[in-house]
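Morning, everyone. Please look at the model on the screen while I talk. I will take charges, rings and one cysteine in turn.

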Amino acid sequence: MSWAGFKKTVNRTAVQAMMKAGQIEKTNDRDYEVEERRFRTMEAAATKLQKEAKGYLDALRAMTASQMRIAETIDAFYGDAGARDGVSRSYKQAVEELDAETIKALDGPYRTTVLEPISRFCAYFPDINECIKKRNHKLLDYDQMRAKVKKLVEKPDKDPGKLPKTEKEAQMARDVYEALNEQLTTELPQLIDLRVPYLDPSFEALVKIQLKFCAEAYSRMAQVQQYLDPNTREQYAQGHLDQRVELVLQEIRDLSIAGAT
């Protein structure tokens with residue numbers, strides 16, 4: 001920061017303190033304040049959307065990685081029994097294909113159609129915030145000059161040219177502030193309104209990607225189902241599977257090694 005910039009910062013801090021003490025009257029623009037609050041709401045929502053969109057992709061990867069681990073564990077658990085009926089091997093193969101083909105195939109389109117558009121939208125926020133910051137600084141400068149004019153009117157200076165000079169500086173400060181204020185008051189609502197048509201294609205892409213993932217997952221799991229015992233599927237459909245599980249558990253409890261104390 002330059003020396004001139006440092007002096008401006010210190011001066012504006014002093015003006016803010018004087019405003020809080022009621023020594024300088026603050027200019028209020030209700031229309032602008034409403035639009036800035038709306039922008040802050042959108043900014044927070046968009047930033048959260050960016051975070052959750054990335055989290056969704058990470059969650060898909062984590063889920064398939066977890067499926068891979070449990071498939072390998074189940075295959076090892078079944079051992080030769082799984083190899084004979086093909087259930088565990090089929091499940092392991094289905095999960096491997098889901099990870100190798102579906103997830104990797106969806107990664108690129110998801111980044112292109114969902115993540116990157118959201119990130120580009122959020123990338124505008126720093127520039128907008130800088131413009132808001134500049135507008136607030138120019139407002140402080142204007143209010144300070146307005147206070148100086150008021151003071152000179154109430155208590156004229158010995159130099160008769162000081163008031164006209166200060167009034168001119170106040171008008172210049174006002175022009176700069178009002179130009180920035182008008183720009184933000186006009187363009188912030190336009191940006192807010194554009195969020196829907198801009199992000200609609202990304203939302204549509206997200207739904208289609210989810211649909212494709214779910215359809216692929218269902219298709220691959222359906223292939224595994226053919227290796228399952230038909231009686232097991234029927235008992236599950238009729239709600240009788242719990243009884244069968246309980247019978248097996250009872251057989252385990254009847255074993256002498258399981259019942260040992």
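Start with a term: a salt bridge is a side-chain nitrogen of Lys or Arg within 4 Å of a carboxyl oxygen of Asp or Glu. Side chains of opposite charge can pair when their charged atoms come close.

Some ground rules. This is a predicted model, where local features need pLDDT of at least 70, side-chain atom pairs count only at pLDDT 80 or more, and totals for chains, interfaces and linings use all residues. Residues are numbered from 1 along each chain as its sequence is written, and side-chain values use heavy atoms, with hydrogens and water left out.

How many salt bridges does a search of the whole structure find? The search gives 18. Take glutamate 96 and lysine 92. Their closest N and O atoms are 2.9 Å apart. Both sit in helix H4 (residues 87-122), and because they are four residues apart, about one helical turn separates them. Helices here are DSSP runs of H or I, at least four residues long, numbered from the N terminus.

Now burial. Buried means under 20% relative accessible area, exposed means over 50%, and partly exposed lies in between (1.4 Å probe, protein chains only). Glutamate 96 is partly exposed at 30%. Lysine 92 is partly exposed too, at 23%.

Helix H2 (residues 30-78) has a similar case: arginine 30 and glutamate 33, three residues apart, about one turn. Their salt bridge spans 3.2 Å, N to O. Arginine 30 is exposed at 57%, while glutamate 33 is partly exposed at 22%.

Next, a salt bridge across the chain. Glutamate 101 pairs with arginine 220, with closest N and O atoms 3.0 Å apart. This pair links distant parts of the chain: glutamate 101 is in helix H4, arginine 220 is in helix H6 (residues 162-225), and their positions lie 119 residues apart in the numbering. Is arginine 220 buried or exposed? At 11% relative accessibility, arginine 220 counts as buried. Glutamate 101 is partly exposed at 45%. There is also a network: salt bridges with shared partners join Lys54, Asp58, Arg61, Asp107 and Arg111.

On to rings. Rings of Phe, Tyr and Trp (its six-membered ring) pair if their centres lie within 6.5 Å; planes under 30 degrees apart are stacked, over 60 edge-to-face, and the rest tilted. The whole structure has five aromatic pairs. In one of them, tyrosine 56 and tyrosine 110 have centres 5.7 Å apart and planes at 40°, so the pair is tilted. Tyrosine 56 is in helix H2 and tyrosine 110 in helix H4, 54 residues apart. Tyrosine 110 is buried at 2%, whereas tyrosine 56 is partly exposed at 22%.

Phenylalanine 121 and phenylalanine 125 have centres 5.8 Å apart and planes at 80°, so this pair is edge-to-face. Phenylalanine 121 is buried at 6%, and phenylalanine 125 is buried at 4%. Both belong to one aromatic cluster with Phe39 and Tyr198.

Last stop: cysteine 131, in helix H5 (residues 125-154). Which residues does cysteine 131 touch, not counting those up to four places away in sequence? They are Leu180, Gln183 and Leu184. Contact means heavy atoms within 4.5 Å. Cysteine 131 and leucine 180 are 49 residues apart in sequence, yet 7.9 Å apart in space, C-alpha to C-alpha.

That's my tour. Thank you.

Definitions and conventions: Helices (H or I, at least four residues) and strands (E, at least two) are DSSP runs, numbered from the N terminus.
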